[in-house]
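Student: I'd like a close look at one part of this structure, the cavity. Could you walk me through what lines it, and then what lies around it?

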Amino acid sequence: MAEKTLAELAAGLKARQYSSVELTQAYLARIEQAQPALNALITVTAESALAAAAVADQRLAAGTAGPLTGVPIIHKDIFCTAGVRTTCASNMLSSFISPYDATVVTRLKDAGTVMLGKANMDEFAMGSSNETSFFGPVHNPWDAKVVPGGSSGGSAAAVAARLAPLATATDTGGSIRQPAALCGVTGIKPTYGRVSRYGMIAYASSLDQAGVITVSAEDAAMTLQAMAGFDPRDSTSADVPVPDYVAELATPLKGMRIGILKEFFGEGLAPEVEGLVREALATWQRLGATVKEISLPNLPLSVPTYYVVAPAECSSNLARFDGVRFGHRCENPKDLMDLYKRSRAEGFGPEVKRRIMTGTYVLSAGYYDAYYLKAQRVRALINEDFRRAFGEVDLLLSPTTPTVAFGLGEKTSDPITMYLNDIYTIGANLAGLPALSIPCGFARGLPVGVQLIGPHFAEGRLLAAAHGYQRETDWHLRAPAAWSQDFNPGTKAGAK
Amino acid sequence: MSLSPKQIESIAHLARLELKAEEIPVYAESLSRIFGLVGELDRAQTAHVEPMAHPLEDQVQRLRADEPTSINQRDLYQRNASQVEDGLYLVPKVIE
């Protein structure tokens, strides 16, 4: 059972091979067993999960179920969940009970999914290793001594350890794709504006986008179908029709033009990662794709551009945490300034403070033009590079990360080393493009991911390319040995 | 580029963050390194380039009709505040 994909589990529920309550119980038992070792969740909502599963079973029995009815899900703890603690992995929100649901949560609830709990993450989604969480690091299910990536490290680790068939996630500079790659699962960041951000705690508003982490591209298509679409409550939501992603999976790959991102196959890329990514490319060629090398000369400036734009927006977004209306408040403030400064100092961790201060500086008088406007101009150049590339090819391909997962604690002392881990993923955020990462093999016993980037709103094309690859390979079906035991929902012997 | 401890104190004040004395050199060092990385942007020729604020060029921020769309849920919202009284948020006295 644990080996099954969302698509297979949904079919099993439809065929009444097991009930949603049985499935939910089995996953809750797995979570309980895994939590001490992986720390993938911040909050487990067992009671409400079983109640939701019982409702889903009624819909399944009544024949009114949709494609996702009864399927267990974990939400990244950046999505507001009504009546449930929503922490963003920060001390600032460690006792915040959201008064409302994020649109993503509402839509997936309406689709019949059953929330098992809230996934751990980097604090306010700022990090690439899940080590900045106030609730402690997440461990990679493939090797507890290495990081799962971040910021959606809990979501990726949970799906990799099969604690749920899917988990929501968010991506500002690679926070879906990078952990998906390091944990050996499938992760898609849709086009900017494709999925509503209402109720998704803001980090960098011109970059943030919600997506999903699953076992397969087919699973991602099924989930995105339910998540995507216009939301009047998000002013950046795109009023663009949602195509039938599941139907698009069948698109033949013959003649698909894949561009290899020249700049991302150079210095810094581990040879074993490059080898596996090139093997994946060869698979797509066998499936009929044509390949061409494409140069995006401004792309190497993605990281410095991001580390101006994202902190600037973060410093502005996080100004709302003032200790007054919600969030942590210090004891005995002597005046209003003291209330602000100590509440924020106590509520935020070191990486969040570092980004708030970086952003405050680049937006301050005298530095705005030199840093912020300069970065926005370089962002335009990077955007133009992508636009030109998509005149020549249908998709762009690169590694997702330069190396496999690194050791816990290995990069925490130097922010720059940590930031450079997102070197291949940030470009898609700057240009607002959809991108995904899928597993393409193992190096040193750890998973490697390949990234595909598409033009705006080409999620269907990306998923079709990924699905075509996953029909030829089984890397995405590999689960870490320690967490791949079978379990049988509904039997007492289940959930070993 | 290198930021001085004094600059860090001033940035922290603007950001409304209280820093401990021992944190100041740590942030001075790491922010200086970040601005070293950011300095790479000087390589790009951007004289005639319009700044890009938003990834979807053709999209404008919508305005909705000026009509009430939600009900008053003050009590629910104030459950997350640490100090409220008679429906008001409490802060230290600001008027002498």
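Tutor: Here's a tour that begins with the cavity and then moves out to the pocket, the rings and the two chains.

Keep in mind that this is a predicted model, where local features need pLDDT of at least 70, side-chain atom pairs count only at pLDDT 80 or more, and totals for chains, interfaces and linings use all residues. Residues are numbered from 1 along each chain as its sequence is written, chains are lettered from A and ligands numbered from 1 in the order in which they are written, and side-chain values use heavy atoms, with hydrogens and water left out.

A cavity is a set of points, on a 1 Å grid over the protein atoms alone, where a 1.4 Å probe fits but cannot get out. The points are joined across faces, edges and corners, and a volume is the space filled by probe spheres set on them. Counting cavities of 30 Å³ or more gives 1, and the volume of the largest cavity is about 40 Å³.

Who's on its walls? Lining residues have an atom within 4 Å of a point. For the largest cavity they include Thr172(A), Gly173(A), Gly174(A) and Ser175(A), along with Tyr306(A), Tyr307(A), Arg355(A) and Asp422(A). By class, that lining has 4 nonpolar, 6 polar and 2 charged residues. Here Ala, Val, Leu, Ile, Met, Phe, Trp, Tyr, Cys and Pro count as nonpolar, Asp, Glu, Lys and Arg as charged, and the others, Gly among them, as polar.

Now compare the pocket, which is an open set with protein on both sides within 12 Å along at least five of seven lines. The largest pocket holds about 1200 Å³ of space. Its lining has 37 residues, and Tyr100(A), Tyr198(A), Gly199(A), Arg233(A) and Arg320(A) lie nearest its centre. That lining splits into 17 nonpolar, 12 polar and 8 charged residues.

Back to two of the cavity's tyrosines. Rings of Phe, Tyr and Trp (its six-membered ring) pair if their centres lie within 6.5 Å, with planes under 30 degrees apart counted as stacked, over 60 as edge-to-face and the rest as tilted. There are 20 aromatic pairs over all chains. One of them joins Tyr306(A) and Tyr307(A) edge-to-face, at 4.8 Å centre to centre and 75° between the planes. Both Tyr306(A) and Tyr307(A) are buried, where buried means under 20% relative accessible area, exposed over 50%, and partly exposed in between (1.4 Å probe, protein chains only). Elsewhere, Phe96(A), Phe124(A), Phe321(A), Phe326(A) and Phe348(A) form one aromatic cluster.

Let's zoom out to the chains. Helices (H or I, at least four residues) and strands (E, at least two) are DSSP runs, numbered from the N terminus. Chain A has 16 helices and 11 strands, and 67% of its 496 residues count as buried. The radius of gyration is taken over C-alpha atoms, and the globule rule is 2.2 Å times the number of residues to the power 0.38. Chain A has 21 Å, which agrees with the value near 23 Å for a compact globule of 496 residues.

Chain B has 3 helices and 2 strands, in the order α-α-α-β-β along the sequence. Its radius of gyration is 23 Å, well over the 12 Å that the globule rule gives for 96 residues, so chain B is more spread out than a compact globule. Of those 96 residues, 31% count as buried.
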